[in-house]
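Welcome! Work through the exercises below with the structure open beside you, and try each task before reading its solution.

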Amino acid sequence: MRIGTMFDIPIRVHWSWLIGFVLITMLIASGGLPFISVRLTETQEWVIAGVVTLCLFLSVLAHELAHSLTAKRLGYSVISITLMIFGGVSLIRELRLRASHDFLIAAAGPAMSLAIGIVASVLYFMYRDPFATGSSALLQGILFYIGLQNIALAVFNMLPGLPLDGGRILQSVVWGLTRNRRFAARMAGRAGQVLAIAMIIAGVVLIIRNGDLTSGLWLMLIAMFILPSSTAETRRASRNRNDERVTGIPVRSVMTSVPTALSASTPLEAAVRNVLSRYPDTDIPIVDGGRVTGVVSMRDVQSLDLSANQGVGLTVVDVARPVSTFVIDPNADVSSARELLARRGIDLLLVFENDYLLGTVSPADLDDMRDQPDNSASANRTPF
């Protein structure tokens, strides 16, 4: 569910966020709020616990915004931020081009959490008064919890295993040292698996040895969130190792003929009805006077969320994306084509030579190339 926009980034809340809000509020309230010196009624404890939990999720939002704004500063597109039961996720459209970019984006989140935690803790100790009463005492307690939560959030996220930020940082460091992105992803994914298993064991120990059912179950729940994500990252990296086979082959050898094109004067309504609806997942070139001037897809139209009346009078040019985003040289390496498709979040590249459109390259073309017998064993391979 979308709840708003910040810095042109859609903010969404997953349904599991409500479960997380209730569970964390219960955990805080059941602890009796020991760092708030004022004697509270049961109702007041629940209200304060809810406020503290809300502050936690706002801190998570700040954490994710730090990731997203750093990514935008480095030239990447951020699709959305989603808050959920175990925190949040920033969805960045493109793959990172450099290990340093991966490092900076990953480190920005924990750095923000640590900064919030330090500021809240400093304010708490500056205005701490053991004899305070009323709202002053409540504010001190809330500041303490905000500081504690954010420092804990920063420390936990720095654990070295995917999908945590520490895992991303580990991946970027290994990538930078080895120049091999896939090896780095596999290593960080394995580290995440080991971390998750260790957390499950720790949770069992807490329950059996210490009788701490709440902490043990919570630790195991977080581990069960980390384990499938780290496993998926490891499998994806292992599966993509075959991509290296296509390195050294020019784009012109895998491109296909130009697909259906649209005239720049085509009414948007007619384009949707006759072309875009037939190819909903395909980027279609727009031609004006024999030159390709842009690209449009059904997704571009849907993103505008236009009513029937609002679409009247518009042409495909009104929703098109610049053609420069889709251009690639015919002599470029196919590995560059795959990188551009992933980084820019598109499914079509236009192959130009001397301002003439020779053809197109899509993920399907590259997959077909990868499925062919390996005739490129002698080709030069450039590691990431």
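The expected span of a helix is 1.5 Å times one less than its number of residues. Keep in mind that you are looking at a predicted model.

**Exercise 1. Following a helix**

Task: Compare the span of helix 3 with its expected span, and find where the helix has a kink.

Solution:
- Step 1. Count along the helix: helix 3 has 28 residues.
- Step 2. Apply the rule of 1.5 Å a residue, which gives an expected span of 40 Å.
- Step 3. Go from the first C-alpha to the last: helix 3 reaches 40 Å, close to the expectation.
- Step 4. Now look for the bend. Helix 3 has a kink of about 30 degrees at A108, and the proline P110 follows shortly after that residue.

**Exercise 2. A nonpolar patch on the surface**

Task: Find out which helices supply at least two residues each to the nonpolar patch, and which helix gives the most.

Solution:
- Step 1. Mark the residues of the patch: L114, I118, V119, V122, L123, M126, Y127, I151 and V155. Together they make a nonpolar surface of about 820 Å².
- Step 2. Place one of them: V119 sits in helix 3.
- Step 3. Check the helices. Helix 3 (99-126) and helix 4 (134-157) each supply at least two residues of the patch.
- Step 4. Helix 3 gives the most, with six residues.

**Exercise 3. Reading a sheet**

Task: Work out the order of the four strands in the open sheet, and explain why strand 5 and strand 8 each have one side without a neighbour.

Solution:
- Step 1. The strands of this open sheet run in the order 5-6-7-8, with mixed pairing.
- Step 2. Strand 5 (262-263) and strand 8 (321-322) stand at the edges with a single partner strand each, so one side of each has no neighbour in the sheet.
- Step 3. Look at strand 6 (residues 284-288), which pairs with strand 7 in the antiparallel sense over five bridges. Here P285 stands opposite V295 of strand 7.
- Step 4. Move on to strand 7 (residues 291-296) and strand 8: they are also antiparallel, over two bridges. V295 faces R321 in strand 8, and G294 stands opposite P322.

**Exercise 4. A hairpin and some unusual backbone angles**

Task: Describe how strand 1 and strand 2 pair, then find the residues between them that have a positive phi.

Solution:
- Step 1. Strand 1 (residues 2-6) and strand 2 (residues 9-13) are antiparallel, paired over four bridges. T5 stands opposite P10 in strand 2.
- Step 2. The hairpin has two residues between its strands.
- Step 3. Recall the usual case: most residues other than glycine have a negative phi, and most peptide bonds are trans.
- Step 4. In this hairpin, F7 takes a positive phi near 55 degrees. D8 lies in the loop between strand 1 and strand 2 and has a positive phi of about 65 degrees, although it is not a glycine.
- Step 5. For a peptide bond that is cis, go to the one from L162 to P163, with omega near 10 degrees. P163 is in the loop between helix 4 and helix 5 (165-178).

**Exercise 5. Aromatic pairs**

Task: How many aromatic pairs does the whole structure hold, and which residues do ring pairs link into a cluster?

Solution:
- Step 1. Two rings pair if their centres lie within 6.5 Å.
- Step 2. Searching the whole structure this way gives five aromatic pairs.
- Step 3. Follow the ring pairs from residue to residue: Y124, F125, F144 and Y145 are linked into a cluster.

Key:
Residues are numbered from 1 along each chain as its sequence is written. This is a predicted model: local features need pLDDT of at least 70, side-chain atom pairs count only at pLDDT 80 or more; totals for chains, interfaces and linings use all residues. Side-chain values use heavy atoms; hydrogens and water are left out. Patches are made of residues with over 30% relative accessible area and no salt bridge: like charges are joined within 9 Å, nonpolar side chains (Val, Leu, Ile, Met, Phe, Trp, Tyr) within 5 Å. Accessible areas come from the Shrake-Rupley method with a 1.4 Å probe; for residues, only the protein chains shown count as cover. A salt bridge is a side-chain nitrogen of Lys or Arg within 4 Å of a carboxyl oxygen of Asp or Glu. Two strands pair if DSSP finds at least two bridges between them. The bend at a residue is the angle between axes fitted to the seven residues ending there and the seven starting there. Rings of Phe, Tyr and Trp (its six-membered ring) pair if their centres lie within 6.5 Å; planes under 30 degrees apart count as stacked, over 60 as edge-to-face and the rest as tilted.
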